[in-house]
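Hi,

Here is the structure I promised to pass on. Have a look at it first, and my notes follow below.

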Amino acid sequence: MELENTISFLLAKVTIIHRNLLQKSVKVAGLHSGQVFVLFELWKTDGQRQIDLAANLGLSAPTVNKILGGLLENDFVTRAKYEDDARSTRIFLTQKGIDVRESLEGEWAKLEAQTIAGLTDTETLMLKQLLVKLAVEMG
């Protein structure tokens, strides 16, 4: 088997390229690529418990804790104890975390355009459908 012609190899290669492009895009806002996904979750539902954030992102609690460390340090989020359980904490967006949304969405739109620039509308739709299917099957 020629590994470089496998779906897994090509997917991994595209993932690395895309992650590098994503990192450049979000660096403008002072963020790292992994932090953006935490912000996406909090923009949907602010004040989530840290354990729920981890579950929603499909990440381990220690990984989310590390990501949150950078967001806390740079004042994008704040942490508060859960009122009913002192062991749980909730994560809330700060004003900076709310305000960065517009610029990040603009950067994301540019990244999306760059990602699909060489594809037809049909290819874009097919790629999206296949990626969703893979995510469901693999997740």
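A word on terms before α1: buried means under 20% relative accessible area, exposed means over 50%, and partly exposed is in between, with a 1.4 Å probe and protein chains only. Helices (H or I, at least four residues) and strands (E, at least two) are DSSP runs, numbered from the N terminus.

Please keep in mind that this is a predicted model: local features need pLDDT of at least 70, side-chain atom pairs count only at pLDDT 80 or more, and totals for chains, interfaces and linings use all residues. Residues are numbered from 1 along each chain as its sequence is written, and side-chain values use heavy atoms, with hydrogens and water left out.

First, the overall picture. The chain has 6 helices and 3 strands, and from the N terminus on they follow the order α-α-β-α-α-β-β-α-α. Its C-alpha trace spans about 55 × 30 × 25 Å along the principal axes. Of the 139 residues in the chain, 26% are buried. Taking contacts (heavy atoms within 4.5 Å) with a separation of 6 or more, 47% are between residues 24 or more positions apart.

Now to α1. This helix covers residues 7–27, and its 21 residues should span 30 Å at 1.5 Å a residue; the end C-alpha atoms are 30 Å apart, which agrees. (The expected span is 1.5 Å times one less than the number of residues.) Which residues of α1 are buried? They are L22, S25 and V26. These cover an arc of only 75° around the axis, which puts them on the same side of α1; the arc is that of the directions from the helix axis to the C-beta atoms. Turned away from that buried side is a face with the exposed residues I16, K24 and K27. The cover over the buried residues of α1 includes α2 (33–44) and α5 (95–116).

Two residues of α5 are good places to look next. L111 lies in this helix and is buried, with a relative accessible area of 2%. Leaving out residues up to four places away in sequence, L111 touches H18, L21, L22 and S25. L111 and S25 are 86 residues apart along the chain, yet their C-alpha atoms are separated by 7.1 Å. E105 is also in α5, but E105 is partly exposed, at 41% relative accessible area. From E105 to V26 the C-alpha distance is 9.8 Å, with their positions 79 residues apart in sequence.

You may like the largest pocket, which holds about 1400 Å³ of space. The residues closest to its centre, out of the 32 that line it, are L11, V14, T15, H18 and L131. Two or more lining residues come from each of α1, α2, α4 (61–73), α5 and α6 (121–138), and α1 gives the most, with 10 residues. By class, the lining has 23 nonpolar, 6 polar and 3 charged residues.

Finally, α6. Its 18 residues should span 26 Å at 1.5 Å a residue, and the end C-alpha atoms are 26 Å apart, which agrees. Of those 18 residues the number buried is 0, so α6 lies largely in the open.

For the pocket terms, the search used a 1 Å grid over the protein atoms alone; a pocket is an open set of points where a 1.4 Å probe fits, with protein on both sides within 12 Å along at least five of seven lines, and lining residues have an atom within 4 Å of a point. Grid points are joined across faces, edges and corners, and a volume is the space filled by probe spheres set on the points. Ala, Val, Leu, Ile, Met, Phe, Trp, Tyr, Cys and Pro count as nonpolar, Asp, Glu, Lys and Arg as charged, and the others, Gly among them, as polar.

Best wishes

Conventions
Expected span 1.5 Å × (residues − 1).
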